[in-house]
Amino acid sequence: MTTFDQIKKSIKPELNALGKKMEEALDSSNSLMGSVITSCLKTKGKLIRPVIVILAAKLFGEVNDKTISSAAAVELLHNASLIHDDVVDESMIRRGKATVNSRWDNHIAVIVGDFYVSSALKQAISTGDIRIVNSLASLGRLLSLGEIDQIYNAREHLLDEKAYIEVISRKTASLFVSCVEMGAYSVGAPEANLGALRKFAEILGLCFQIKDDIFDYFDDETIGKPTGNDLREGKITLPLLYALSRKDLPENRRMKDLLKKDDLDKEDIDALIGFAKSAGGIEYARKRMAKLAEEANKALDTYPPSDARKDLKEILEFVIEREC
C-alpha cells in the first residue's frame, strides 16, 4: 500500500460521501447518458484532487457538506476536461480503458463533457459560497487558456521552458490551486491565510505535470498511453526542451528540424525520445521537481504542524515518486 493509499484510507468516510455526491450529481433519466456515466465512474482515477480539497479543509477546520460538494465540483470539472481533451486529441485510450469518444463518438463525448461541467457548477452553487463558485469558474477559464496556449506553442514551434511552465501552470497547476482554495473556503478560512497554500498547490501541480510528461519517454503499460504520445500531438515537454537547449550537442539542429515536420513517424519520435534521454533531459526534469518541492515544503511549513499538513507533504512526495 502506497502512502497515498494510506491517506485515502484515513479519509475513507469523506471519500465515500464524495462518491455518493457524484453519483447523485450525475443522475439522469436518459438511459444513454446513464450508460456513459456508469462507464466513466468505473474508470475513475486516483482522486488526488478531491483528496487535496479535503486535506485543505482539514488544515483549517472540520470537513463538512460544503467540502464534499467542493470536492465533487472539482472532480467533475476535471473529468469534463479529460473527456473534451480526448475528443480534441483523438485519444482512444485513457487509464488503460477506451475513451468516451472511441467507445461512442465525438458528438456524445462533447455532450457528456458538457453535462459534467454543468453538474460541477451545480455542486459549487449548492455550497452557497460565492468564493467557491468563483474559484471553479476561474478554473474552467484557466484550463481552456492552458489548452489553447499549448496548441499555439506547438503550431508556432515555441521551444521555450518559460512558455512550457506557463502552459502547465494553467492547464494542470490551476486545478490544484482551486482544490486548496475551495477546501479552505468550505470551512470558512480567511483569504489572508491562503497565500502559502496556493503556492504549495501550484508547485504540486507543476510537479504532477512534469512527472506525467516524463512518463511519455518510457514504455509502460501501467501508464495507460503509448510512448511518445505527447510528441505525436505536437507537445514538446520539459525533458526534450532541455535537450534542445543544449547547443553544444551535434544532433541539436537535426532534432529541431525534425520538429518542424507536420507529421512525425515512429522513427522520428524514437529519435527525439532517444535524444532527450541521452542529453540528460530526464535527469534535468527530476532535478527541477526536487528543487520545486523544496519551495513547496517551505511554503507549507508556514502553517502549524498537523496531520493535514503532513499528508499534503506526503502527497507531494508521492506525486514526484509515483510510477504511473
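**Notebook: cavity, pocket, patch, cysteines**

I began with the largest cavity, which 14 residues line, and those nearest its centre are Gln150, Asn153, Tyr164, Val167 and Ile236. For the terms I worked on a 1 Å grid over the protein atoms alone, where a cavity is a set of points at which a 1.4 Å probe fits but cannot get out, a pocket is an open set with protein on both sides within 12 Å along at least five of seven lines, and lining residues have an atom within 4 Å of a point.

The model is predicted, so I note that local features need pLDDT of at least 70 and side-chain atom pairs count only at pLDDT 80 or more, whereas totals for chains, interfaces and linings use all residues. Residues are numbered from 1 along each chain as its sequence is written, and side-chain values use heavy atoms, with hydrogens and water left out.

I counted one cavity of 30 Å³ or more, and the space in the largest cavity is about 150 Å³, a volume being the space filled by probe spheres set on grid points that are joined across faces, edges and corners. Helices α8 and α9 (161-186) each supply at least two residues of this cavity's lining, with the largest share, four residues, coming from α9; helices here are DSSP runs (H or I, at least four residues), numbered from the N terminus.

Next I looked up the second largest pocket, which holds about 580 Å³ of space. Its lining has 23 residues, and Ala154, Arg232, Glu233, Gly234 and Lys235 are the closest to its centre. I find that α5, α8 (130-156) and α11 (229-232) each give at least two residues to that lining, and that α8 gives the most, six residues.

On the surface I noted a nonpolar patch of about 260 Å², made by Val88, Ile148 and Ile151; patch residues have over 30% relative accessible area and no salt bridge, and nonpolar side chains are joined within 5 Å. A salt bridge is a side-chain nitrogen of Lys or Arg within 4 Å of a carboxyl oxygen of Asp or Glu. Val88 lies in α5 (residues 65-89) and counts as exposed because its relative accessibility is 58%, given that exposed means over 50%, buried under 20% and partly exposed in between, with a 1.4 Å probe and protein chains only.

Last, why are there no disulfides? The sulfur of Cys179 has its closest cysteine sulfur, that of Cys207, 15 Å away, which is too far for a bond, since a disulfide needs a pair of cysteine sulfur atoms within 2.5 Å. Cys179 is buried at 0% relative accessibility, and Cys207 is buried at 0%.

Conventions
Patches are made of residues with over 30% relative accessible area and no salt bridge: like charges are joined within 9 Å, nonpolar side chains (Val, Leu, Ile, Met, Phe, Trp, Tyr) within 5 Å. Accessible areas come from the Shrake-Rupley method with a 1.4 Å probe; for residues, only the protein chains shown count as cover.
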